[in-house]
Amino acid sequence: MSLPDYKSSGKQSSAPVQSKPQVVQLNIGGHVFSTTLGTIRKFPNSTLADLFNGSTKRTDSEGRRSVDRDGTHFKHVLEYLRTERLPSEHLQEVHREALYYDIKPLVKAIEETPQFFGETVGRQQFLARVPNYRENLEVIVRVARAEAVASRYSNIIVCVVRTEDDLARYTDAIDSLGTPRESVVSFGPWKAPVSVEDLLDCVKMDIEARGYKVKIQPHSTDKGFLFKSYDFFYKLIFTWW
């Protein structure tokens, strides 16, 4: 009995060839990043994905997609797109980047972290109840810079009145300094269960976030008044070099 004669068709079977991920480069404010197109388009409706969609494409001299924006924290955005891991620091800055690039899942994930929640719901809500807080910070920095000429340190006196009762003694407190009233930056009073130390921590935190080196210590006039002046007055010391 002879076996059937099977003829080869000449075709060889092969496994489907998988295309390699397309690598792309971005220039974000002078910071160059390499990643895949799939990573950039992970959230198709984002502004970031739009960089590689449509006909309008801004590129630099090397042909890389270009965004005229500080790229310091963009690496954290890419890390989230790759792994969905959040950064352990700079959450406020990364949140701003996520809003700019309209990456909604990243925005939501950051807003649900305890750190971001505490900053926005706790600290910022408290500071919103301190009259002229932001304006006072600007005055402090402006005066400190003016006093920095040919000096290593700048000393700024602040007066902190926590309650309405403290405010009632404000005039006597200022007079005890022997310093022109307009040279003293005053905070308060405020209606929130937050201490003077907490307010001073906020002042220090926000000034140092601008790149300044500052320390805060009680300031006493030692003039023998019935109240202790250092309950009201503090000295902010800027170090320049």
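1. Let me start with a loop you may want to look at: histidine 90 lies in the loop between H3 and H4. Its phi is near 60°, a positive value in a residue other than glycine. Histidine 90 counts as partly exposed because its relative accessibility is 35%. Please keep in mind throughout that this is a predicted model.

2. Glutamate 84 belongs to the loop between H3 and H4 as well. This residue is not a glycine, and yet its phi is positive, at about 65°. With a relative accessible area of 48%, glutamate 84 is partly exposed, since the partly exposed class runs between 20% and 50%.

3. A word on confidence, before we go further. The chain has a mean pLDDT of 87, and 87% of its residues reach 70 or more. Among the elements of the chain, the highest mean pLDDT, 97, belongs to helix H3 (residues 74-83). Helix H9 (residues 170-177) has the lowest, at 75. As a general caution, predicted coordinates should not be read in detail where pLDDT is low.

4. Now for the overall picture. The chain holds 241 residues, and 38% of them are buried. Its secondary structure comes to ten helices and seven strands. If you take the contacts between residues at least 6 apart in sequence, 64% of them join residues at least 24 apart. The accessible surface comes to about 15,400 Å², and carbon and sulfur atoms account for 50% of that surface.

5. How do H4 and H6 sit relative to each other, roughly parallel or roughly perpendicular? The axes of helix H4 (residues 91-100) and helix H6 (residues 114-127) come within 10 Å and cross at roughly 90°. The two helices are therefore roughly perpendicular to each other, because crossing angles of 65 to 115 degrees fall in that class. On the H4 side the contact is made by Leu91, Gln92 and His95, and on the H6 side by Gln115, Phe116, Glu119 and Thr120. Sorted by class, the contact has two nonpolar, four polar and one charged residues.

6. H6 also meets helix H10 (residues 196-208), and here the axes come within 11 Å and cross at roughly 100°. H6 and H10 are therefore roughly perpendicular to each other. The residues involved are Arg123, Phe126 and Leu127 in H6, together with Leu199, Cys202, Met205 and Asp206 in H10. By class, this contact of H6 with H10 has five nonpolar, no polar and two charged residues.

7. Ahead of H10 there is a peptide bond to check in your viewer. Glycine 188 and proline 189 are joined by a cis peptide bond, with omega about -5°. Proline 189 sits in the loop that runs between strand S5 (185-187) and H10.

8. Which residues does threonine 39 touch, leaving out those up to four places away in sequence? They are Leu78, Leu81 and Arg82. Threonine 39 is part of helix H1 (residues 37-40). It counts as buried because its relative accessibility is 12%, and buried means under 20%.

9. Alanine 49 is found in helix H2 (residues 47-50). Its relative accessibility is 0%, so alanine 49 counts as buried. Beyond residues up to four places away in sequence, alanine 49 touches Ile40, Arg41, Phe43 and Pro44. There is also a distance you can check: alanine 49 and glycine 38 are eleven residues apart in sequence and 9.3 Å apart in space, taken C-alpha to C-alpha.

10. Last comes a strand residue, serine 66, which is found in strand S3 (residues 65-67). Is serine 66 buried or exposed? At a relative accessible area of 18%, serine 66 is buried, because the cut-off for that class is under 20%. Setting aside neighbours within four places in sequence, serine 66 is in contact with Asn27, Arg58, Thr59 and Asp60.

Technical notes: Residues are numbered from 1 along each chain as its sequence is written. This is a predicted model: local features need pLDDT of at least 70, side-chain atom pairs count only at pLDDT 80 or more; totals for chains, interfaces and linings use all residues. Side-chain values use heavy atoms; hydrogens and water are left out. Axes are lines fitted to C-alpha atoms, for helices over the stretch in contact, and angles run from 0 to 180 degrees between N-to-C directions. Helices (H or I, at least four residues) and strands (E, at least two) are DSSP runs, numbered from the N terminus. Angles under 35 degrees count as roughly parallel, over 145 as roughly antiparallel, 65 to 115 as roughly perpendicular and the rest as oblique. Contact means heavy atoms within 4.5 Å. Ala, Val, Leu, Ile, Met, Phe, Trp, Tyr, Cys and Pro count as nonpolar, Asp, Glu, Lys and Arg as charged, and the others, Gly among them, as polar. pLDDT is the predictor's confidence in each residue, from 0 to 100. Buried means under 20% relative accessible area, exposed over 50%, partly exposed in between (1.4 Å probe, protein chains only). Accessible areas come from the Shrake-Rupley method with a 1.4 Å probe; for residues, only the protein chains shown count as cover.
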